[in-house]
Amino acid sequence: MKIILSPGLILCALFGLFATFMAQQSISIKMGLSAMPIAILLGLILANIAPKLTHYPSIELGLNICKKQILRLGIILYGFKITLIDLQLLGLRGFLYALLMLISCLILSLVLNRLFFKMPVERALLVGIGSSVCGAAAIIGANSVMRAKDSDVAIAVSTVVMYGSLSIFIYPFFELWLLKAWFTSHQLGVYIGSSVHEVGQVIAIASTLGDEVTNMAVITKMSRVMMLAPLILLLPLGLQSFSDKKDPSKNIPVRSSSFLKYIPWFAVLFILTIGLNTLLSSYLSSEFFNPIQSIILQLDAFLLVMAMFALGLSIHFKTLLNSGGSAFKLAGLLWIYLMIFGLIIGKFILN
């Protein structure tokens with residue numbers, strides 16, 4: 001009971017409610033801006049208005065719970081957004097296209113960072129994961145098995161918000177031409193779902209072109225979200241296998257060095273939740289299951305928003321400004337790559 005009534009948890013819950021309210025306003029909907037980036041921005045603002053707030057033990061306790069236990073519970077429940085049936089609707093070509101976009105973008109982020117930006121590898125990896133997988137949810141999910149700095153997570157989330165918002169204004173200039181000269185409605189939906197960062201941003205872009213484009217864009221986007229599960233599961237194994245035994249200081253820190261311990265079991269539960277959601281959606285009537293699923297997803301969204309506010313409250317603008325320039329340049333190149341390369345490769349794979 002003491003933990004539940006922790007001032008830190010209450011603070012995160014109150015600002016989480018406010019962020020959720022702000023996300024429901026028309027300007028946020030038009031920009032495809034979800035409650036998570038709004039929450040992290042609110043946390044940043046409060047952290048810089050009242051920098052000593054997090055020094056109180058009772059506040060710090062609640063923030064740590066939000067950034068760890070509540071965040072992981074939110075990731076597990078996120079599985080109720082996804083079903084394996086989505087992959088069937090996407091088709092083999094669409095799935096391979098989305099997978100190629102994801103993997104190539106992730107590899108490119110590490111290559112560009114090594115050649116040009118020389119940022120800490122964990123920061124570049126989070127930027128790449130946010131751009132290639134599913135935005136803020138992918139970043140916080142991946143960081144749950146890494147030990148990147150809170151400022152690195154905030155920077156990565158900020159790049160997703162910035163370039164995803166730019167997509168909302170830029171894509172409409174050429175998507176109608178694409179529909180007439182380059183893609184069918186089905187193919188255009190796959191392209192939008194594979195190249196835009198956040199689900200809200202995908203919907204904002206595709207909704208102007210009709211239901212077929214929108215439905216396919218969302219299905220493709222959710223297939224990318226689904227790839228978050230194996231990514232979280234395999235990330236510690238990959239980081240462990242590529243570790244530098246001679247100079248451990250160069251390695252990206254993971255939660256543990258023991259095989260069984262560094263497997264993120266909450267990621268296993270995330271995958272099991274997807275399977276459970278698939279079964280329940282298939283065998284229970286929609287009249288019975290949909291209201292239950294809706295409640296779970298609302299709770300899940302709120303938990304993730306609380307975690308994002310706690311994250312923002314741990315960061316100061318000075319840290320963000322001093323370390324974020326290269327990350328935004330890298331994210332910009334990845335954004336251009338997804339937009340341009342997606343068109344070229346989509347023409348060959350999707351046709």
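Reader: Does Cys 12 count as buried or exposed?

Author: Cys 12 counts as buried, because its relative accessibility is 0%. The cut-off for buried is under 20% relative accessible area. Keep in mind that this is a predicted model.

Reader: How far is the sulfur of Cys 12 from the closest cysteine sulfur?

Author: Start with the general idea. A disulfide is a covalent bond joining the sulfur atoms of two cysteines. Now the case here. The closest cysteine sulfur belongs to Cys 66, 3.6 Å from that of Cys 12, and this is too far for a bond. The cut-off is a sulfur pair within 2.5 Å. Seen from the other side, Cys 66 is in no disulfide, and its nearest cysteine sulfur is that of Cys 12. Cys 66 is buried too, with a relative accessible area of 0%.

Reader: How many disulfides are found in the whole structure?

Author: Zero, by a search of the whole structure.

Reader: Let us step back. How many helices and strands are there in the protein?

Author: The protein has 18 helices and zero strands. Of its 351 residues, 52% are buried. Look at sequence separation next. Take the contacts with a separation of 6 or more: 81% of them are between residues 24 or more positions apart. As for surface, the protein exposes about 16400 Å², with 71% of it supplied by carbon and sulfur atoms.

Reader: How do I read two packed helices?

Author: Use two values. Packed helices are described by the angle between their axes and by the distance between those axes. Take H5, residues 85-117, and H12, residues 211-226. They pack at about 75°, and their axes are 9 Å apart. That angle makes H5 roughly perpendicular to H12.

Reader: Which residues of H5 and H12 meet?

Author: From H5 come Asp 86, Leu 87, Leu 89, Leu 90 and Ala 98. From H12 come Met 216, Ile 219, Thr 220, Met 222, Ser 223, Arg 224 and Met 226. Sorted by class, this contact has eight nonpolar, two polar and two charged residues.

Reader: At what angle do H6 and H12 pack?

Author: H6 spans residues 121-134, and it packs against H12 at about 135°. The axes of H6 and H12 are 8 Å apart. H6 is therefore oblique to H12. On the H6 side, the contact is made by Ser 131, Ser 132, Val 133 and Cys 134. On the H12 side, it is made by Lys 221, Arg 224 and Val 225. By class, there are three nonpolar, two polar and two charged residues in the contact of H6 with H12. Arg 224 thus appears in the contact with H5 and in the contact with H6.

Reader: Stay with H6. What is Ala 124 in contact with, leaving aside its neighbours within four places in sequence?

Author: Ala 124 lies in helix H6. Its relative accessible area is 0%, so Ala 124 is buried. Beyond its sequence neighbours, it contacts Ser 109, Asn 113, Met 119 and Leu 330. Ala 331 is 207 residues away from Ala 124 in sequence, yet 8.8 Å away in space, C-alpha to C-alpha.

Reader: Where is Lys 118 found?

Author: Lys 118 is in the loop between H5 and H6. Here the backbone angle is the feature to read. Most residues other than glycine have a negative phi. Lys 118 is not a glycine, yet its phi is positive, about 55°. With 60% relative accessibility, Lys 118 counts as exposed.

Reader: Why is helix H7 largely enclosed by the rest of the structure?

Author: Count its buried residues. H7 runs over residues 136-143, and eight of the eight are buried, so the rest of the structure largely encloses it. Among them are Ile 139, Ile 140, Gly 141 and Asn 143.

Reader: How many residues of helix H11 are buried?

Author: Six of the eight in H11, residues 199-206, so this helix is also largely enclosed by the rest of the structure. The buried ones are Val 199, Gln 201, Val 202, Ala 204, Ile 205 and Ala 206. Ile 205 is also a contact of Ser 167, along with Pro 172 and Trp 335. Ser 167 sits in helix H8, residues 150-170. It is buried, at 1% relative accessible area.

Reader: One last residue. How far apart in space are Ala 50 and Leu 313?

Author: They are 9.6 Å apart, C-alpha to C-alpha, and 263 residues apart in sequence. Ala 50 is placed in the loop between H3 and H4. Its relative accessible area of 29% makes Ala 50 partly exposed.

Notes: Residues are numbered from 1 along each chain as its sequence is written. This is a predicted model: local features need pLDDT of at least 70, side-chain atom pairs count only at pLDDT 80 or more; totals for chains, interfaces and linings use all residues. Side-chain values use heavy atoms; hydrogens and water are left out. Axes are lines fitted to C-alpha atoms, for helices over the stretch in contact, and angles run from 0 to 180 degrees between N-to-C directions. Helices (H or I, at least four residues) and strands (E, at least two) are DSSP runs, numbered from the N terminus. Angles under 35 degrees count as roughly parallel, over 145 as roughly antiparallel, 65 to 115 as roughly perpendicular and the rest as oblique. Contact means heavy atoms within 4.5 Å. Ala, Val, Leu, Ile, Met, Phe, Trp, Tyr, Cys and Pro count as nonpolar, Asp, Glu, Lys and Arg as charged, and the others, Gly among them, as polar. Buried means under 20% relative accessible area, exposed over 50%, partly exposed in between (1.4 Å probe, protein chains only). Accessible areas come from the Shrake-Rupley method with a 1.4 Å probe; for residues, only the protein chains shown count as cover.
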